[in-house]
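Reader: I have a chain open on my screen and would like to get to know it. Could you walk me through it, one question at a time?

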Amino acid sequence: MEHKLLIEYLHAYHKAINVSKHVLAPRSRFKNSLNPIAEESRVRTLLEVQTSSLHEVDQELVATPQNTVFLFPNRAQTVLLAGSWDNWSSHIPLEPTRTAHCLKLQLTPGFYEYKFIADGVWTTNPHSAVTMDGKNNVLTVHNAATKAPLVVATVPWDTTGDGELPIDLMALYVTGSFCEWKQLWPLQRDNCTCADTNAPPHADFNSCAPSIIGCRCLSQHTRYSTSLRLPRGVHEIKFVVDTRRGREWRMSRSLASVETGERNNIISV
């Protein structure tokens, strides 16, 4: 509700400024006024005041904390959360539920790294996006006033058309221009019956998407996918294959591609 009021307030100021701009005109338009110079000065002062107020509202919206939900699969007795929002100084307990451990925090817009402590052991959530080195989970909190509408986009990998994956596959990720190539998003084996299903199939940026880690039916799978909520437009992407031998970058044969210094797949949403 607070965000709605702030956004309405912002729109009202934008409207007021547009009206003021129409009022401003060459002095010849005020020739029938008793004091056209004074009238023009008054309108300009009004515009300056409104512009200043609009800037204050913008700054308030940028700094407005957003509700941010953290989830961890229900396979630990106690789960704590630590992150870069307070320089990793606090360990916040998550609440256990039937399907997962949950926590809601109020975070100001920005980019954060975080990690869980499950039964005393530091660990990442394999269902969520991670840093390129895989050491921490990552999260981007968007400004509610400027956040562009997001569209669900499914990113697939089909071994029939895109190529077989290594037998010692540990994880399959996708990254791209939508996250400035700084984050890895895990792909899920479609219709997997043995992977952890406690996490939802997709959510917003830096959210839950079931991982293929721990799946015991590798030979039965031909298709992998993840669902991301992305801004409208064209995004360059590439797949990352992690095996016990190391990491390799791959492109999908079934997706369109583009060459901008380096050849990448593209998706349009």
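## Cores, strands and salt bridges

Author: Happy to! Let us begin inside this predicted model: the largest nonpolar core has 21 residues, and those with the most contacts within it are Leu-172, Val-174, Ile-237 and Phe-239. At least two residues of this core come from each of E10, strand E11 (169–176), E14 and strand E15 (234–243).

Reader: Is there a second core, and if so, how many residues does it have?

Author: There is a second core, separate from the one above. Leu-105, Phe-116, Leu-139 and Val-141 are included in it, and its size is 15 residues.

Reader: Going back to Ile-237, which residues does it touch beyond its close neighbours in sequence?

Author: Here we leave aside the neighbours within four places in sequence. The contacts of Ile-237 include Gly-176, Phe-178, Leu-255 and Ile-267. The others are Thr-175, Trp-181, Asn-264, Asn-265, Val-155 and Val-174.

Reader: How many helices and strands does the chain have, and what share of its residues is buried?

Author: The chain has 3 helices and 18 strands. Of contacts between residues at least 6 apart in sequence, 70% join residues at least 24 apart. Out of 269 residues, the share that counts as buried is 43%.

Reader: Which strands stand at the edges of the open sheet of 3 strands?

Author: The order in this sheet is E10-E14-E13, and the pairing is antiparallel. E10 and E14 (residues 223–231) are joined by 9 bridges. Two strands have a single partner strand each, so one side of each is left without a neighbour in the sheet. These edge strands are E10 (150–158) and E13 (188–189).

Reader: What is the bridge partner of Leu-150 in E14?

Author: E10 and E14 run antiparallel, and E10 covers residues 150–158. Within E14, the bridge partner of Leu-150 is Pro-231.

Reader: Is Asn-67 buried or exposed?

Author: Asn-67 sits in strand E1 (residues 66–73). Not counting residues up to four places away in sequence, Asn-67 touches Lys-104, Leu-105 and Gln-106. Its relative accessibility is 53%, and the cut-off for this class is over 50%. Asn-67 therefore counts as exposed.

Reader: What distance separates the C-alpha atoms of Asn-67 and Val-141?

Author: Along the chain, Asn-67 and Val-141 are 74 residues apart. Their C-alpha atoms are separated by 8.9 Å.

Reader: Now to charged pairs: how many residues apart in sequence are the parts that Arg-245 and Asp-168 tie together?

Author: The side chains of Arg-245 and Asp-168 meet in a salt bridge, at 2.9 Å from N to O. Arg-245 lies in the loop between E15 and strand E16 (246–250), while Asp-168 lies in the loop between helix H3 (159–162) and E11, so the pair ties together parts whose separation in sequence is 77 residues.

Reader: Which residue of that pair is buried?

Author: Arg-245 has a relative accessible area of 63% and is exposed. For its partner the value is 16%, and buried means under 20%, so the buried residue is Asp-168.

Reader: How many salt bridges are there in total?

Author: Besides the pair above, Lys-182 and Glu-180 meet at 3.3 Å; Lys-182 is partly exposed at 48% and Glu-180 is exposed at 56%. Glu-259 and Arg-263 form another salt bridge, at 3.6 Å. The count comes to 6 salt bridges.

Notes
Residues numbered from 1 in each chain as written. Predicted model: local features only at pLDDT ≥ 70, side-chain atom pairs only at ≥ 80, totals over all residues. Heavy atoms only, no water. Helix = DSSP H or I, 4+ residues; strand = E, 2+ residues; numbered from the N terminus. Buried < 20%, exposed > 50% of the residue type's maximum accessible area, 1.4 Å probe, protein only. Contact = heavy atoms within 4.5 Å. Pairing = 2+ DSSP bridges. Core = buried A, V, L, I, M, F, W, Y, C linked by side-chain atoms within 4.5 Å. Salt bridge = Lys/Arg side-chain N within 4 Å of Asp/Glu carboxyl O.
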